[in-house]
Amino acid sequence: MLWAGRTATEIATAVRHGDVSATTVVEEHLHVISERDPEVGAFRLVREQAVEEAQAVQKRPDLAELPLAGVPVAVKDNLEVAGEATRGGSAGTADLPARADHATVARLRAAGAVVVGLTNLPELGLVAFGDSAYGIVRNPWDRTRTTGGSSSGSAAAVAAGMVPIALGNDGMGSLRIPAAACGVLAIKPGAGVVPPPANDWNRLTENGPLATTASDLSLALSVLAADPSLAEAWRGGRRVDPRPPMLRSVWADDEEVWEPQPPPDSPEPFDLRVAYAPQPLPIGLPIDKEFQAAVRAAAETLRVAGHTVVEHGHRLPAWLGPATIATWLSQAATAADDLDSRSVERRTRALARAGRVLARLKLNGVRGRERWSAYRADQWFGDADVLVTPALGTVPPRAERWGERGLLRNVLANVRFAPATSAWNMCGWPAISVPIATHSSGLPIGVQLIAPPGGEPQLLGLAAQLQSAHPPVRPRGYN
């Protein structure tokens, strides 16, 4: 296989230049999916008609201008793909084909991407695990462990080299959690940057991409946001155009020779005030010591890169945790309202029941969310441009059938595993997960970077710098 495992940027460049056809690229990726997915379980549906769609891309008159020409993508199965049922990880949803693509899917296709399949998620995207009626998504780094969730299959598909980029969404960390668990990058954009899903959990949820490189993540986000400026990457403290080749072709003695491309004439300085918080959570919510060390390592990397780095010595307010849990449970109740309770999992029934009880008591998290988003988040964040924190609390739990377990076990496992992401959904700020190290368990460690509204370029830039110092590694057997 020549193209499976390549970046989206490399694939699109090759297709645009005529070095490979979109059809060949998609056929190769479908073959890799057929070989690897039986042991990972990332896909609910693999689309064989993707080959015909790749042929159509190859014939487009604007092929040479398509930013994602021929790039295979996977889509989380709670976003509409025309002609396919949107199951949302539930056997209780309707098995009816969507009439049209979701806006994000339409933008990916318009940019030349080809949808090769729909990825698994926990029922209705309610938890940070990867199991549902359609199977258990297993972590490519350790198949006894969960991928995290709820963009479980999307993260696993990217980590296992089955697609270079995938589409997911994030309501309480559902992009960043599985990205950190699977050793890939993911960004939850701020409110209003990318069209949200139809059920956006009362404006908590944003759609966003997952990828293996900062350049691919930037490129994918630029397409989803319809903002070409986001495709620019930041490297070596300067903003440059990442579109390949980073080398240029010249001819010498009738041979093609590649030499370094000169830097831009007027590079833009990139100097931020970066705060880091190895343990930002309230007392009682521990963070793995190796995860804390990874935050300090990321901070040191950015200090060496030229940024002003300071420690953020404050923990998140204690009241925010209960408000976040109440918000989560109330949204679970809303998400399950339209489904027959007999058709959903024990876990979903339990989460929805708890949410309804809290709603009757007027403890739905709305006041806490308003308090945090109105002024407390900004005050707590301080004067930093970006904050670095752990992405997870501990290594992923075992990949098991959590959906058949009750409320207490699911809530406790979720809170222990993934307590660090939801605060930034509560206020709508952008955040990104970047792999940076390997845990003593052999699993990847990701750090989370957060910025105030409008900070997506800064997050992407710092991600590129971190990745330059800590190159990405694929799980064994998935190169």
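# Exercises on a predicted model

Alanine 275 has valine 310 of strand S17 opposite to it. The model that holds this pair is predicted, and the exercises below work through its sheet, its helices and some unusual backbone angles.

## Exercise 1. The sheet and its edges

Task: Determine which strands form the edges of the open sheet and how S16 is joined to S17.

Solution.

Step 1. Write down the strand order. The open sheet has 11 strands, in the order S1-S3-S2-S8-S10-S9-S19-S20-S18-S16-S17, and its pairing is mixed.

Step 2. Read off the ends. Strand S1 (43-46) and strand S17 (308-311) are the edge strands, each pairing on one side only. On average, and with direction ignored, neighbouring strands of the sheet are turned by 25° against each other.

Step 3. Examine one end. S16, covering residues 273-276, runs parallel to S17, and 4 bridges join the two. Alanine 275 and valine 310 stand opposite each other here.

Step 4. Add a residue of the edge strand. Glutamate 311 belongs to S17, and beyond four places in sequence it touches Tyr276 and Pro278. Its C-alpha atom is separated by 33 Å from that of asparagine 202, 109 residues away along the chain.

## Exercise 2. An enclosed helix

Task: Establish how many residues of helix H1 are buried and what covers them.

Solution.

Step 1. Count the buried residues, for which the cut-off is under 20% relative accessible area. In H1 (residues 8-17), 7 of the 10 residues are buried, so the helix is largely enclosed by the rest of the structure.

Step 2. Name them. They are Ala8, Thr9, Ile11, Ala12, Thr13, Ala14 and Val15.

Step 3. Identify the cover. It includes H2, H3, strand S2 (72-76), strand S8 (165-170) and helix H7 (214-224).

Step 4. Look just past the helix. Glycine 18, which follows H1, has a positive phi of about 80°.

## Exercise 3. Three helix pairs

Task: Classify the pairs H2 and H3, H9 and H10, and H10 and H12 as roughly antiparallel or roughly perpendicular.

Solution.

Step 1. Take H2 (residues 22-40) and H3 (residues 50-58). Their axes come within 8 Å and cross at roughly 160°. An angle over 145 degrees counts as roughly antiparallel, and H2 and H3 are therefore placed in that class. Their crossing is right-handed. Ala22, Thr23, Val26, Glu27 and Leu30 of H2 make the contact with Ala50, Val51, Ala54, Gln55, Val57 and Gln58 of H3.

Step 2. Take H9 (residues 320-336) and H10. The axes cross at roughly 115° and come within 7 Å. H9 and H10 are therefore roughly perpendicular to each other, and the crossing is left-handed. Residues of H9 in this contact include Trp328 and Leu329, while those of H10 include Leu351 and Ala354.

Step 3. Take H10 (residues 346-360) and H12 (residues 407-417). They pack at an angle of about 85° with axes 9 Å apart, and are therefore also roughly perpendicular. Here Arg347, Ala350, Leu351 and Ala354 of H10 meet Leu407, Asn410 and Val411 of H12.

Step 4. Compare the two lists for H10. Leu351 and Ala354 occur in the contact with H9 and in the contact with H12.

## Exercise 4. Backbone angles and exposure

Task: Locate the cis peptide bond and the residues other than glycine with a positive phi.

Solution.

Step 1. Recall the usual case. Most residues other than glycine have a negative phi, and most peptide bonds are trans.

Step 2. Find the cis bond. It joins glycine 149 and serine 150, with omega of about 15°. Serine 150 lies in the loop between strand S7 (142-146) and helix H5 (152-159).

Step 3. Find the positive phi values. Asparagine 202 has about 55°, and arginine 203 is near 70°. Asparagine 202 lies in the loop between strand S9 (185-188) and strand S10 (206-211), as does arginine 203.

Step 4. Assign exposure. Asparagine 202, at 40% relative accessible area, is partly exposed, whereas arginine 203, at 56%, counts as exposed.

## Exercise 5. Confidence

Task: Decide which residues should not be read in detail.

Solution.

Step 1. Start with the chain. Its mean pLDDT is 92, and 92% of its residues reach 70 or more.

Step 2. Find the exception. Over residues 234-267 pLDDT stays under 50, although the model has 60 contacts beyond four places in sequence for them.

Step 3. Conclude. Where pLDDT is low, the predicted coordinates should not be read in detail.

Note on methods:
Residues are numbered from 1 along each chain as its sequence is written. This is a predicted model: local features need pLDDT of at least 70, side-chain atom pairs count only at pLDDT 80 or more; totals for chains, interfaces and linings use all residues. Side-chain values use heavy atoms; hydrogens and water are left out. Two strands pair if DSSP finds at least two bridges between them. Axes are lines fitted to C-alpha atoms, for helices over the stretch in contact, and angles run from 0 to 180 degrees between N-to-C directions. pLDDT is the predictor's confidence in each residue, from 0 to 100. Contact means heavy atoms within 4.5 Å. Angles under 35 degrees count as roughly parallel, over 145 as roughly antiparallel, 65 to 115 as roughly perpendicular and the rest as oblique. A crossing is left-handed if the near helix is turned anticlockwise from the far one by less than a right angle, and right-handed if clockwise. Buried means under 20% relative accessible area, exposed over 50%, partly exposed in between (1.4 Å probe, protein chains only).
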